[in-house]
Amino acid sequence: MADFDEPISDQEKVRIAADFIKHAPPGEFNEVFNDVRILLNNDSLLKEKASSSFSAYNKEQFTPVKLEGANEQVLVTRHGELPDGRFYDPRSKQSFQYDHLRKEASDPGAHSTNPTAEAWRAAVEESVTSYVRDRYPHGVCTVYGSSSGGTITLVVCIEDHQFQPQNFWNGRWRSEWSVSFQPSGGNVEVTGVLKVQVKETHYCTLKSNTTIFFKPFTVQFCNGYL
């Protein structure tokens, strides 16, 4: 029989704490963090060793944040993370520091987007923004653009959520779509993934985590039109 009185190492404590945080239900990050903080009872250890899980959670959840002076919110995602740990908003052309615990943006600064992809990115952003406003009650979208070897890649991220703990439920919708193409035209392959999380606690705790990977499909691209 295993000895349950055997002490747990700090490394194992951090691993368990990080796992709890990464799997926090939508809208309940603060509650999970506070519970983990009490259980671990070591703020220095939590912040020094488990801080990467805070960042991983926010990027995976497509956490929306408002930048000072920007008209629209931007999503915190892996696509917008810069090498120095900052993030950028391709819509407002700003980079910013993000506090993964307070969920706040600070220290905004100018950031240029990829010049080869920008015209395409901005055009898709305009269309996607209109689509999101029409179909998502609280939706936020961010469109990223990059280029390599003459190929342009666009990534569309969409997030919407409803947090209603007073009615015993929270939910979040995320989708990501990507496409790579040559500006000269040809067949274009589109890939997408949809993630939906719901937690309901009225009579009992029910959790639903659904991920759907859409089968890649091809569209014809010619003279600037899909």
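# A three-stranded sheet, a buried arginine and some salt bridges

Five bridges join strand β4 to strand β5, which covers residues 104–110, and these two strands run antiparallel to each other. I start there, and I should say at once that everything I describe this morning comes from a predicted model.

Let us stay with that pair of strands for a moment. If you look along β5 for alanine 105, you will find tyrosine 98 standing opposite. The two strands form a hairpin with four residues between them, and in the turn there is lysine 103, which has a positive phi of about 60°.

Now turn to the other partner of β4, which is strand β3. Strand β3 takes in residues 87–89 and strand β4 takes in residues 94–99, and the two pair in the antiparallel sense over three bridges. Within this pairing, tyrosine 88 has serine 95 in β4 as its bridge partner. Here, too, the strands β3 and β4 form a hairpin with four residues between them, and lysine 93 in the turn has a positive phi of about 60°. Please keep lysine 93 in mind, since I will return to that residue later.

How many strands does the sheet hold, and in what order do they come? It is an open sheet of three strands, with the order β3-β4-β5 and antiparallel pairing. The edge strands are β3 and β5, each of which pairs on one side only. On average, and ignoring direction, neighbouring strands of this sheet are turned by 35° against each other. For those of you who are new to sheets, the general point is that their strands pair through backbone hydrogen bonds, either parallel or antiparallel.

Next, I would like to move to arginine 172, which is found in strand β8, the stretch covering residues 169–181. Is this arginine buried or exposed? Its relative accessible area is 6%, and because anything under 20% counts as buried, arginine 172 is classed as buried. The side chain of arginine 172 makes a polar contact with the side chain of glutamine 61, at 2.9 Å, and another polar contact, also given as 2.9 Å, with the side chain of glutamate 159. If we leave aside its neighbours within four places in sequence, arginine 172 is in contact with several further residues, among them Pro26, Pro64, His161, Phe163 and Val196.

Let me now come to the salt bridges, of which the structure holds 15; I will go through a few of them.

One is formed by aspartate 43 and arginine 37, whose closest N and O atoms are 2.7 Å apart. Aspartate 43 counts as partly exposed, at 31% relative accessibility, and arginine 37 likewise counts as partly exposed, at 39%.

Another salt bridge joins glutamate 72 to arginine 133, where the closest N and O atoms are 2.2 Å apart. This pair links distant parts of the chain, for glutamate 72 sits in the loop between β1 and β2, whereas arginine 133 sits in helix α5, 61 residues apart. Glutamate 72 is partly exposed, with a relative accessible area of 25%, while arginine 133 is exposed, with a value of 58%.

This is where lysine 93 comes back. The side chains of lysine 93 and glutamate 118 meet in a salt bridge, with 3.2 Å from N to O. Glutamate 118 lies in helix α5 and lysine 93 lies in the loop between β3 and β4, so this salt bridge ties together parts that are 25 residues apart in sequence. Glutamate 118 is buried, with a relative accessible area of 16%, whereas lysine 93 is partly exposed, with 29%. Salt bridges that share partners also join Lys93, Glu118, Arg121 and Glu125 into one network.

Finally, a word about the cysteines. In general, a disulfide is a covalent bond between the sulfur atoms of two cysteines. The count of disulfides in this model comes to zero. Why does cysteine 141 form no bond with cysteine 157? The sulfur of cysteine 141 has its closest cysteine sulfur in cysteine 157, and because the two are 9.6 Å apart, they are too far from each other for a bond. Cysteine 157 is accordingly in no disulfide. Both residues count as buried: cysteine 141 has a relative accessible area of 4%, and cysteine 157 has a relative accessible area of 0%.

Terms used: Residues numbered from 1 in each chain as written. Predicted model: local features only at pLDDT ≥ 70, side-chain atom pairs only at ≥ 80, totals over all residues. Heavy atoms only, no water. Pairing = 2+ DSSP bridges. Axes fitted to C-alpha atoms, helices over the stretch in contact; angles between N-to-C directions. Buried < 20%, exposed > 50% of the residue type's maximum accessible area, 1.4 Å probe, protein only. Polar contact = N/O pair within 3.5 Å; in protein donor to acceptor, adjacent residues only side chain to side chain. Contact = heavy atoms within 4.5 Å. Salt bridge = Lys/Arg side-chain N within 4 Å of Asp/Glu carboxyl O. Disulfide = S-S within 2.5 Å.
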